[in-house]
Amino acid sequence: MVLIPSLPTALPQPLSPPASDAQLEALATDLLAAGLAPLRQSAQLEALSADAFVYSPVLAPLLQGLRAQMGVRVSSSEQVLRVAAACARHGVSLTLRGAGTGNYGQCVPLAGGLVVDLTGMNRLLQLDAATGVFSAEPGILLADLDQQLQAHGRALRLLPSTVRSASLGGFIAGGSGGIGSLRWGFLRDPGHLLGLEMVTLEPQPRLLQLDAAGARPLNHAYGTNGIVTALTMASTAAVAWEQLVLEFAHWDQALAAAQALPASALQLNALCLLEAAVAAQLPWPQGCPEADGRSHRLLLLAAPDALLALPALLTEQGGALVWQAPQGQSRGIPLRELTWNHTTLHVRSRDPGFTYLQLLLPQPEAPALAALRQRWGADLLWHLEAVRSMGSQRLACLPLVRWRGAEALQALIDHCCALGCVLFNPHVFNVEDGGLGVVDADQVAAKAAYDPAGLLNPGKLRGWLER
Ligand SMILES: Cc1cc2nc3c(=O)[nH]c(=O)nc-3n(C[C@H](O)[C@H](O)[C@H](O)COP(=O)(O)OP(=O)(O)OC[C@H]3O[C@@H](n4cnc5c(N)ncnc54)[C@H](O)[C@@H]3O)c2cc1C
């Protein structure tokens, strides 16, 4: 039986109370003794406590205004050990923060306490030339990391569309996939994260080196069961991707192309299909014609060798090429910043009355899309992304959803699930409900082993609250 999670109406319970003045003073004294400056000004705390949860009108009223009571910036594992020891000794909760671009309030502290900004830990530590395996600190910006790998002919396998602003640690702990998911699946698939260094939250914190199996429970755990201080990951050979924009007059043809291209031998890194009403609301790269509001647009990142066969294939499919440029050399917005949740960002900047969902569509996709269209009409606008899921080529869908209240959203979710869609709900704040809805016993066991007092990012691991 598939359990359909209901939308939250209150913060999770039980949540520990905020730290007392005495606890905070004791914590500040320890931080100062470690040579770290406690951040206490309200503007600093506001900036350190928010992420991009406003895309969800369900989460926004619950998370707005929640603040850390103190912040600190760290730049080494030694400093992380000192901070972890201080929090454990004084019983103050600790929430980790990379760049704060998560969409579900992943780094919003629900119970006050300390927020630790890791963006100062930003070094590529090692790159093995033979295997392409690299180790890096968690706060490194993904764009910086990718650039450093590219200098050695390597590249990150997966990138969120926030590659220019997000950190590696935040991507692993709070993200799921994105550009590259068409080839490489999702971050939790075995083979991406090969090991990590972490700090436990105990009065005498341990600095542990975990292999791939040991690292797995910390992958996509929202920083609830350990502080990641270095990550070891696989990379891929760098490719000089070409950005292409195609137009289709008919939705059925565009959908058929989106199904057929990932199943070909063409090397693609992203395929994003936008229905005409969505394309019309996006900013386009310089030189790319504005969308006319009637044609659907297919966005591709394709390898140079794919360009030899693509034009003829696309003409057969009914598509017309309207723009092409090498990635990194075009002006204006890069194509990848029109995909994944950047599509939502751009549509919402024109019309904040839209929110979104994240679904894996059942196969074949067309009947489910037609059934949803029939019932929900223009309240649902199509944005599809090609992905590899459990080894199969599939289409994910991040539809734009006209916000008509929580009851209507729940009815839409129920309808999607009844049609066989797999929901990755962006309107919930715990790890499990944003994923497949099931508690991962290994994540809970890791929390018991590494954060026995439950101080890390309280309220975000449902399995811990329910144990
Ligand atoms: C416009 C837009 C587009 C997006 N597109 C995508 C996309 O394509 N794919 C995708 O997956 N996501 C996407 N996201 C969500 C988000 O940008 C990414 O997941 C991003 O990688 C998060 O990185 P961050 O540094 O901002 O993490 P944060 O938001 O700072 O943190 C995320 C989580 O990781 C935890 N964390 C951070 N550092 C550590 C650490 N060292 N140890 C343990 N836990 C840690 C935090 O506590 C938090 O729970 C998008 C968001 C926006 C606003």
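Modeller: Let's start with a definition: helices (H or I, at least four residues) and strands (E, at least two) are DSSP runs, numbered from the N terminus. The model is predicted, so local features need pLDDT of at least 70 and side-chain atom pairs count only at pLDDT 80 or more, while totals for chains, interfaces and linings use all residues. Residues are numbered from 1 along each chain as its sequence is written, and side-chain values use heavy atoms, with hydrogens and water left out.

Colleague: Thanks! Which elements each supply at least two residues of the shell around the ligand?

Modeller: A residue is near a molecule if one of its heavy atoms lies within 4 Å of it. Here 37 residues surround the ligand, and L96, G98, T101, S167 and G177 are the closest. At least two shell residues each come from β2 (94-97), α6 (168-174) and α12 (340-350), and α6 gives the largest share, five residues.

Colleague: Where does the ligand lie relative to domain 1 and domain 2?

Modeller: Domain bounds come from an automatic or database domain assignment. Domain 1 (1-238 + 434-467) and domain 2 (242-423) both contribute to the shell, so the ligand lies between them.

Colleague: And which backbone atoms should I look at for polar contacts?

Modeller: For the ligand, a polar contact is a pair of N or O atoms within 3.5 Å; within protein, one must be able to donate a hydrogen and the other to accept it, and residues adjacent in sequence count only if both atoms are side-chain atoms. A ligand nitrogen is 2.6 Å from a polar backbone atom of G177. Ligand oxygen atoms lie 2.8 Å from a polar backbone atom of G100 and 3.2 Å from a backbone N or O atom of Y222.

Colleague: How many disulfides does a search of the whole structure find?

Modeller: A disulfide is a covalent bond between the sulfur atoms of two cysteines. The cut-off is a pair of cysteine sulfur atoms within 2.5 Å, and the search finds zero. The sulfur of C416 has its closest cysteine sulfur in C421, 4.9 Å away, which is too far for a bond.

Colleague: What about unusual backbone geometry?

Modeller: Most residues other than glycine have a negative phi, and most peptide bonds are trans. In this model, the peptide bond from Q363 to P364 is cis, with omega near -5°. P364 sits in the loop between β16 (359-360) and α13 (365-376). W340 has a positive phi of about 45° and is in helix α12.

Colleague: Is W340 buried or exposed?

Modeller: Buried means under 20% relative accessible area, exposed over 50%, partly exposed in between (1.4 Å probe, protein chains only). At 12% relative accessibility, W340 is buried.
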